[in-house]
Amino acid sequence: MADEWQDPYDFAVEVAKIAGKIIRRAAEEEIKVNTKSCTVDLVTATDVRVEKIIIGAIKEKFGEDTHCFIGEESAAAKGPSVLTDKPTWIIDPVDGTTNFVHGFPFVAVSIAFAVNKELEFGVVYSCFEDKLYKARKGKGAYCDDEKIEVSDIKDIHKSVVISEFGTNRNVDVVTEICATMKRILLIPVHGIRGTGTAATNMCMVACGAVEAFFEIGIHCWDVAAGAVIVQEAGGVLLDVDGGPFDLMSRRMMSANNRTIADRVIKEIKIFPAERDDGK
Ligand SMILES: O=P(O)(O)O[C@H]1[C@H](O)[C@@H](O)[C@H](O)[C@H](O)[C@@H]1O
Ligand SMILES: [Mg+2]
């Protein structure tokens with residue numbers, strides 16, 4: 001049988017690179033910043049423009065009506081992001097918008113593709129580093145065409161863990177996040193890091209630079225592409241309570257193996273986050 005999704009996969013790589021070039025160029029000009037859910041949840045004219053360009057290019061290539069889209073910047077206008085069985089593109093045009101605004105050089109274009117509610121491939125282009133991460137279900141994960149694998153560390157004391165503070169400034173949530181970070185530091189681990197973009201963080205797990213990345217409050221478009229990349233690199237993808245990963249739950253734990261994941265999970269205090277699909 002012909003490989004049905006190879007063409008969309010190749011196209012996603014192409015489009016991600018084009019989008020990244022636009023983002024790099026936009027960073028040299030004046031950046032117009034607005035806010036979304038709160039004063040620290042930023043969006044720029046580039047986020048909106050790049051999403052339109054990506055979706056426009058996909059529609060032109062594959063037809064207006066055959067594919068569905070869940071995009072960070074068009075999501076609010078559409079209401080809850082419900083994943084159906086139809087071929088669906090899940091897009092974050094600028095993952096790491098705060099980084100982009102401040103010139104902190106970790107900004108990624110994240111494009112994932114799901115069919116029958118299963119992720120088929122993911123592409124993450126870290127556009128200032130000029131690194132392209134990609135993976136197709138069952139076919140391995142790559143960075144710039146070189147195969148990548150998670151680290152083989154099982155001893156938590158020899159691990160580096162990534163987490164982020166996110167954009168929720170509710171005092172109880174911030175307190176819980178800080179307390180969780182403190183507990184993980186005191187295990188002790190070698191260090192806690194964060195690039196400010198979930199998509200890039202997941203690629204750091206996938207290429208073995210860190211052992212785990214978890215976050216509560218991320219959205220499906222932040223982690224959909226990274227989810228395929230981590231798993232295809234040999235890693236595990238879970239809920240922050242150790243149960244199965246749910247793309248719409250806004251909770252995600254990715255790790256090089258189950259031993260590391262379970263040890264970090266022990267220290268996570270879970271706080272509520274409204275689901276992406278409104279369920
Ligand atoms: O809004 P963008 O697309 O930049 O994405 C988010 C990041 O991906 C999170 O890890 C991160 O913690 C932040 O919540 C950030 O907003
Ligand atoms: Mg994002």
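Which residue in strand 5 is the bridge partner of Asp95? In this predicted model, that partner is Ala108. The protein is divided into domain 1, residues 6-147, and domain 2, residues 156-265. The points below cover how the domains meet, the core, some paired strands and two helices.

**The two domains**

- The centres of domain 1 and domain 2, taken over C-alpha atoms, are separated by 20 Å.
- In the contact between the domains, 35 residues belong to domain 1 and 25 residues to domain 2.
- On the side of domain 1 that touches domain 2, at least two residues each are supplied by strand 3 (68-71), strand 4, helix 4 (97-102), strand 5, strand 6, strand 7 (131-136) and strand 8 (141-143).
- Strand 6 gives the largest share of that side, six residues.

**The nonpolar core**

- The largest nonpolar core contains 79 residues.
- Ile111, Ala206, Ala212 and Ile229 have the most contacts inside this core.
- Helix 7, residues 220-232, contributes nine residues, the largest share of the core.
- Both domain 1 and domain 2 give residues to the core, so the core lies between them.
- Leaving aside residues up to four places away in sequence, Ala212 touches ten residues listed here in two groups: Ser159, Val161, Ile162 and Val205, and then Met253, Ser254, Ala255, Ile260, Ala261 and Val264.

**Strands 4, 5 and 6**

- Strand 4 (residues 88-95) and strand 5 run antiparallel and are joined by six bridges.
- Strand 5 also runs antiparallel to strand 6 (residues 118-126), and eight bridges join these two.
- One pairing between strand 5 and strand 6 involves Phe113, whose bridge partner in strand 6 is Phe121.
- The hairpin of strand 5 and strand 6 has two residues between the strands, and Asn116 there takes a positive phi near 50°.
- Strand 5 covers residues 108-115, and seven of these eight residues are buried, so the strand is largely enclosed by the rest of the structure.

**Helix 2**

- Helix 2 takes in the 18 residues 45-62; at 1.5 Å a residue it should span 26 Å, and its end C-alpha atoms are indeed 26 Å apart.
- Its buried residues are Thr46, Asp47, Val50, Glu51, Ile54 and Ile58.
- Viewed down the axis of helix 2, the buried residues fall within an arc of 130°, so they line one face of the helix.
- An α-helix has 3.6 residues a turn, so residues three or four places apart point the same way.
- Gly56 and Glu60 are exposed, on the face of helix 2 turned away from its buried side.
- After helix 2 comes Gly63, which has a positive phi near 95°.

**Helix 5**

- Helix 5 takes in the 15 residues 171-185; at 1.5 Å a residue the expected span is 21 Å, which agrees with the 21 Å between its end C-alpha atoms.
- Ile177, Thr180 and Ile184 are the buried residues of helix 5.
- These buried residues cover an arc of only 60° around the axis, so they sit on the same side of helix 5.
- The cover over the buried residues of helix 5 includes strand 10 (160-163), strand 11 (191-193) and helix 8 (258-265).
- The face of helix 5 turned away from the buried side carries exposed residues: Val171, Asp172, Thr175, Cys178 and Lys182.

Terms used. Residues numbered from 1 in each chain as written. Chains lettered and ligands numbered in written order. Predicted model: local features only at pLDDT ≥ 70, side-chain atom pairs only at ≥ 80, totals over all residues. Helix = DSSP H or I, 4+ residues; strand = E, 2+ residues; numbered from the N terminus. Expected span 1.5 Å × (residues − 1). Buried ≥ 20, exposed ≤ 12 C-beta atoms within 10 Å, placed from the backbone. Arc of directions from axis to C-beta. Pairing = 2+ DSSP bridges. Core = buried A, V, L, I, M, F, W, Y, C linked by C-beta atoms within 7 Å. Domains from an automatic or database assignment. Contact = placed C-beta atoms within 7 Å.
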